[in-house]
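Good morning, everyone. Please look at the screen while I talk; I will keep this short.

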Amino acid sequence: MKFILYGTEISPPVRSVLLCLKALGLECELRNIDLLAKEHLKEEFIRKNPQHTIPVLEIEDGKYIWDSHAINCYLVNRYAKNDSLYPKDHYLHAIVDQRLHFDSGVLFPALRSINYPLFYHNEHEVPEWKYDCIREAYLFCEKFLEHYNYFCGNTLTIADFHFLATITSLEAYIPVHGDQYPRLFAWLKRMQVLPYYNEVNGLPVHKFIELVHQKLRGH
Ligand SMILES: N[C@@H](CCC(=O)N[C@@H](CS)C(=O)NCC(=O)O)C(=O)O
């Protein structure tokens, strides 16, 4: 089974799906959608996802799923050998859902609100309040990790994939230092030893960070 995933590995939600696919041992062909070249606004792509966001996963019978969170829930529900990445237990399931909504509603918007003016409106100054939103989100993460090694307990779940992709991208603006955010720092180190980490997140996020720094310098 080989999926087609539309997107680019520079994008955090695309990387969160690539992490999940790797964890499940599933193959995918990444079909590049260049956002800067506005390929996501072409009719052909809008037919797949009217919201024109990446990632979009094409599943076996020509059906499409978009939103990285919906994609990862689908992949685990459909293909995982056990439910550890997205537990069926109602309470644990709700905790994972809460974290996924936190990524959608708090973490990723903190990133998007800086990226969009930078990449699409050529603004090079980031207002301080946007940095404050990142710091506040990191402090919430410190709380979530208070008693556990991962974001939903002592076992890795899909929430960790989403947080990993978003937080390592937010580090382009505010790096996670061990003295300020010790639990988040330790969790990042824990995630970096995943065998597929470098390939699907580590190397692409460096490209993203380099791009952000170029933009901040006004290039
Ligand atoms: N909640 C969505 C966010 C997807 C998203 O906003 N992706 C950005 C790239 S990182 C995008 O496609 N932007 C183009 C657009 O919004 O038109 C998800 O998790 O898939």
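I will go through how the two parts of this chain meet. Keep in mind that this is a predicted model.

First, the layout. The domain assignment splits the chain into domain 1, residues 2-79, and domain 2, residues 90-216. Taken over C-alpha atoms, the centres of domain 1 and domain 2 lie 20 Å apart.

Next, the contact between them. How many residues of each domain take part? On the domain 1 side there are 18 residues in contact, and on the domain 2 side there are 23. Together, domain 1 and domain 2 bury about 2000 Å² between them, and carbon and sulfur atoms give 72% of that area. Which three residues of domain 1 supply the most of what domain 1 buries against domain 2? They are Arg15, Leu19 and His69, with 33% of the area on that side.

Now the polar side of things. Two salt bridges are counted between domain 1 and domain 2. One salt bridge to find on the screen joins the side chains of Lys207 and Glu9, at 3.0 Å from N to O. Across the interface of domain 1 and domain 2, nine residue pairs are in polar contact.

Which helices should you look at on domain 1? Helix H1, residues 12-24, and helix H3, residues 68-79, each supply at least two residues to the side that touches domain 2. H1 gives the most there, with nine residues. Sorted by class, that side of domain 1 has eleven nonpolar residues, four polar ones and three charged ones.

That is the end of my part.

Methods: Residues are numbered from 1 along each chain as its sequence is written. This is a predicted model: local features need pLDDT of at least 70, side-chain atom pairs count only at pLDDT 80 or more; totals for chains, interfaces and linings use all residues. Side-chain values use heavy atoms; hydrogens and water are left out. Domain bounds come from an automatic or database domain assignment. Contact means heavy atoms within 4.5 Å. Buried area is the accessible area (1.4 Å probe) that two parts lose on being put together, summed over both. A salt bridge is a side-chain nitrogen of Lys or Arg within 4 Å of a carboxyl oxygen of Asp or Glu. A polar contact is a pair of N or O atoms within 3.5 Å; within protein, one must be able to donate a hydrogen and the other to accept it, and residues adjacent in sequence count only if both atoms are side-chain atoms. Helices (H or I, at least four residues) and strands (E, at least two) are DSSP runs, numbered from the N terminus. Ala, Val, Leu, Ile, Met, Phe, Trp, Tyr, Cys and Pro count as nonpolar, Asp, Glu, Lys and Arg as charged, and the others, Gly among them, as polar.
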